[in-house]
Amino acid sequence: MIYPRGSKGDDNLSLYLEVANHEKLADGWSYLVSFTFGIVNQLTGLAKVVREVPAHRFYKTHTDLGFPQMVKKSTLNSKKNGILHKDRFQVALSLKTLDPSTFGLDEQCGTYTCRLNGFSRAKDQRMITPPFY
């Protein structure tokens, strides 16, 4: 989930990972993951802002985690940072499942990239990206 104007009403970009279709999960469901968000500098193709969660367990009753202040408005709007380029925003997500007994790497789920066009004209407070599996 992306909050272009911030999830706390502070006008900073917020970014969260949310479990898709969580209302359909069985009672007692949980999943341990590690994930990293990268905000891409579209001029260089490199991640400009990176935030990592080394280990987090999602539950049926706790289905999201993220960063309410992923990118400050001044950084987001600075043309030299390349974060908003031609009114397009790009975020990369690296997601790994973890073995709950050792916190070691169990399975690499992959890296996903999402591009959002017309970012500055987004009227919704919250933008939901397409699900990935």
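Modeller: In this predicted model, a strand is a DSSP run of E with at least two residues, and strands are numbered from the N terminus.

Biologist: In which strand is serine 14 found?

Modeller: The run that holds this residue is mostly covered, with five of its six residues buried. It spans residues 13-18, and serine 14 is accordingly found in strand 2.

Biologist: Is serine 14 buried or exposed, and what is its relative accessible area?

Modeller: A residue counts as buried when its relative accessible area is under 20%. Leaving aside neighbours within four places in sequence, serine 14 is in contact with residues including Met1, Tyr3, Phe67 and Met70. Serine 14 is buried because its relative accessible area is 0%.

Biologist: Which backbone oxygen lies 2.5 Å from a polar atom of the side chain of serine 14?

Modeller: Two backbone atoms come into play around this side chain, and one of them is the backbone nitrogen of serine 7, which the side chain of serine 14 reaches at 2.8 Å. The other, at 2.5 Å from a polar atom of the side chain, is the backbone oxygen of proline 68.

Biologist: How many bridges join strand 1 to strand 2, and in which sense do they run?

Modeller: One place to look is isoleucine 2, which stands opposite leucine 15 in strand 2. Strand 1 and strand 2 are joined by two bridges, and the sense in which they run is antiparallel.

Biologist: Over how many bridges do strand 2 and strand 5 pair?

Modeller: Within this pairing, leucine 17 stands opposite leucine 65 in strand 5. Strand 2 and strand 5 run in the antiparallel sense, and the number of bridges over which they pair is five.

Biologist: Which aspartate meets the side chain of lysine 73 in a salt bridge?

Modeller: The count of salt bridges comes to two. In one of them, the side-chain nitrogen of lysine 73 and an oxygen of its partner are 2.6 Å apart, and the partner is aspartate 11.

Biologist: How many residues apart are lysine 73 and aspartate 11?

Modeller: Lysine 73 belongs to helix 1 (residues 73-77), whereas aspartate 11 sits in the loop between strand 1 and strand 2. Lysine 73 is partly exposed because its relative accessibility is 38%, and aspartate 11 is partly exposed as well, with a relative accessible area of 30%. The pair links distant parts of the chain, and the separation in residues is 62.

Biologist: What is the N to O distance in the salt bridge of lysine 60 and aspartate 27?

Modeller: This pair also links distant parts of the chain, with lysine 60 in the loop between strand 4 and strand 5 and aspartate 27 in the loop between strand 2 and strand 3, 33 residues apart. At 25% relative accessibility lysine 60 is partly exposed, while aspartate 27 is exposed at 71%. Their side chains meet with an N to O distance of 3.2 Å.

Biologist: About what phi does aspartate 11 have?

Modeller: Most residues other than glycine have a negative phi. Aspartate 11, placed in the loop between strand 1 and strand 2, is not a glycine and yet has a positive phi, of about 70°.

Biologist: Where is asparagine 21 found?

Modeller: Asparagine 21 also has a positive phi, of about 55°, although it is not a glycine. At 39% relative accessibility, asparagine 21 counts as partly exposed. Asparagine 21 is found in the loop between strand 2 and strand 3.

Technical notes
Residues are numbered from 1 along each chain as its sequence is written. This is a predicted model: local features need pLDDT of at least 70, side-chain atom pairs count only at pLDDT 80 or more; totals for chains, interfaces and linings use all residues. Side-chain values use heavy atoms; hydrogens and water are left out. A salt bridge is a side-chain nitrogen of Lys or Arg within 4 Å of a carboxyl oxygen of Asp or Glu. Helices (H or I, at least four residues) and strands (E, at least two) are DSSP runs, numbered from the N terminus. Buried means under 20% relative accessible area, exposed over 50%, partly exposed in between (1.4 Å probe, protein chains only). A polar contact is a pair of N or O atoms within 3.5 Å; within protein, one must be able to donate a hydrogen and the other to accept it, and residues adjacent in sequence count only if both atoms are side-chain atoms. Contact means heavy atoms within 4.5 Å. Two strands pair if DSSP finds at least two bridges between them.
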